[in-house]
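Hello,

Here is the structure I promised to pass on to you. Have a look at it first, and then read my notes below.

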There are 2 protein chains.
Amino acid sequence: MLDVALLGTGGMMPLPNRFLTAFAVRQNGRILLIDCGEGTQVTQKMLGWGFKTVDVICLTHFHADHAAGIPGFLLSMANSDKGDPLTIIGPVGTEYIVKSLLVIAKDLPFEINFVELPYEKKTYHINQGGFSIGALPVSHGVPCFAYSVSLARIGKFNADAAKSLGLPVRFWGILQRGENVSYEGLEYTPDMVLGASRAGLKVTYCTDSRPIPSISDFAQNSDLFVCEGLYGDPALSAKAAEHRHMTYKEAANIAKRANVSEMWLTHYSPSVTNPKEFLGVARDIFPNTHTGFDRKTATLKFSEDE
Amino acid sequence: MLDVALLGTGGMMPLPNRFLTAFAVRQNGRILLIDCGEGTQVTQKMLGWGFKTVDVICLTHFHADHAAGIPGFLLSMANSDKGDPLTIIGPVGTEYIVKSLLVIAKDLPFEINFVELPYEKKTYHINQGGFSIGALPVSHGVPCFAYSVSLARIGKFNADAAKSLGLPVRFWGILQRGENVSYEGLEYTPDMVLGASRAGLKVTYCTDSRPIPSISDFAQNSDLFVCEGLYGDPALSAKAAEHRHMTYKEAANIAKRANVSEMWLTHYSPSVTNPKEFLGVARDIFPNTHTGFDRKTATLKFSEDE
């Protein structure tokens, strides 16, 4: 199970009821944040997920609307008595940028580890804080990454297979958790009692970027695809391209090619006062498109049909 | 005439309806900002005073709740087509701090000039952008300044004196504006037609500090004194002292000694959910105390009885 929350859906500048870009994923009670625009600490407080269990922050890039909330957010984490380390992942330069911002937030009571991703044509797989994270370089004029969070699901437990092994029942749960068991001189492995791996969960987050083909591959089969839609109005597509952003229509084409289950739009221009106005443009291409809004949440669950 | 606006009244951490510290003074359409906590660009937008005419930003000190909004605020200024220079005044180190924060807000289309104030036992008088600014070192454990903005008022125009000079009426307005006039080989100066200087306007802003005696001198006879009241509850005075802040009661004692006309409280702890709860404690000492709130505004006018 993955809980997700859009914390802020504003691009460039915040509006009174629209915070700047941030997205949270919660897994087993621990939180991964993607981006941290100005005001993220406020909307996180309104959401009620707390600050203490934020273990990972992924930065897409270093524009202010994605990063200016870092000092305040980290101070709120400090005030929540967070003591265990925080990992910040981002493009090369992340440590320099974050440390520059922290000139006004010194003496944090937790350690910060940095993972810097070279901006090269490759996909990264990172395991941090229990999260299985993917990172894809995208096209925004500056080094910028899309991120995914995946949760694998082991195969179905086969009680008959377990019985036939002659292994006492008290060991079954260990195998079911994916660990080996040694019993009476023999080694038992999880594959002996588990069926084939089943579809897990995957959420992909992409902003800011032009619509490049690799995004569809990266987001392939996501349960949720959160994608920027700076403008809904197709008449503004040239303007979106000029600033290395994308429109609802371009986002919908990616969602369709990626065969995702659902798409949420985010990172609206301040000029988009009613995000629903051009929703139909996206739905004509990818019907299960929804407009994101601040503190829109969902719980992604494993399918029950297996 | 001076317009004033409390943009944010939160200390330490913002609340959903309480932005972090910032205060604006507007004089002849130009704006001076004191502090710029996270979210200041949003509350400034809600206030409706715009960004283009902000000429001066005074920083009291470098804690995040007073400075984290700088990158976003300056980007909003850039988006408002501001082209003329901005002056940022603050303790020594201001240029380093601001430039560190601006790693995420590069290529601003206006020049920034810095005025750095050594933290010494003296009062500074600074004229910037048409504002007459005072700065006083206060006591917060780190270099920190209180600020005042004053607007002088020239003497009353004496039409009889002007007539007796034999100067044509078309020159009277020039003298009245405080400028000299040359006419038929003679030099006329404003003092020939103006009475004694009259009381001007003064607003003083003080946060964060312990209540030291120099603040009363600095704020003397202010029309408006805006002062921190981290806690209203007198039982928390030791806690306020420990963190180098002050309570409502301590602020009221300063207001009384300073003989100000009115005091607004600001910079509340997030634990102060109802700022009015202990207002009576302050009013027992200084009756014309009022609780500040986000976007509380006032227009200070010259008295009409002179």
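A:His290 counts as partly exposed because it has 17 C-beta neighbours inside 10 Å, short of the 20 or more that a buried residue needs. Please keep in mind that this is a predicted model. A:His290 sits in strand 15 of chain A, which covers residues 289–291. Leaving aside residues up to four places away in sequence, A:His290 touches A:Glu262, A:Met263 and A:Trp264. Its C-alpha atom is 8.5 Å from that of A:Lys276, a residue 14 places away along the chain.

Over in chain B, helix 9 (residues 248–258) is worth a visit. This helix is largely enclosed by the rest of the structure, because 8 of its 11 residues are buried. Among them are B:Tyr248, B:Lys249, B:Glu250 and B:Ile254. What do the buried residues of helix 9 of chain B pack against? Their partners in chain B are helix 7 (213–218), helix 10 (279–283) and three strands: strand 13 (224–228), strand 14 (263–266) and strand 15 (289–291). Right after helix 9 of chain B comes B:Asn259, with a positive phi near 55 degrees.

Finally, the two chains meet. Chain A and chain B each bring 26 residues to the contact. On the chain B side, the elements giving two or more residues are helix 1 (40–47), helix 2 (64–67), helix 3 (70–79) and helix 4 (94–101). Helix 3 of chain B supplies the largest share of that side, 5 residues. By class, the side of chain B that touches chain A has 16 nonpolar, 8 polar and 2 charged residues.

Best wishes

Notes
Residues numbered from 1 in each chain as written. Chains lettered and ligands numbered in written order. Predicted model: local features only at pLDDT ≥ 70, side-chain atom pairs only at ≥ 80, totals over all residues. Buried ≥ 20, exposed ≤ 12 C-beta atoms within 10 Å, placed from the backbone. Helix = DSSP H or I, 4+ residues; strand = E, 2+ residues; numbered from the N terminus. Contact = placed C-beta atoms within 7 Å. Nonpolar A, V, L, I, M, F, W, Y, C, P; charged D, E, K, R; others polar.
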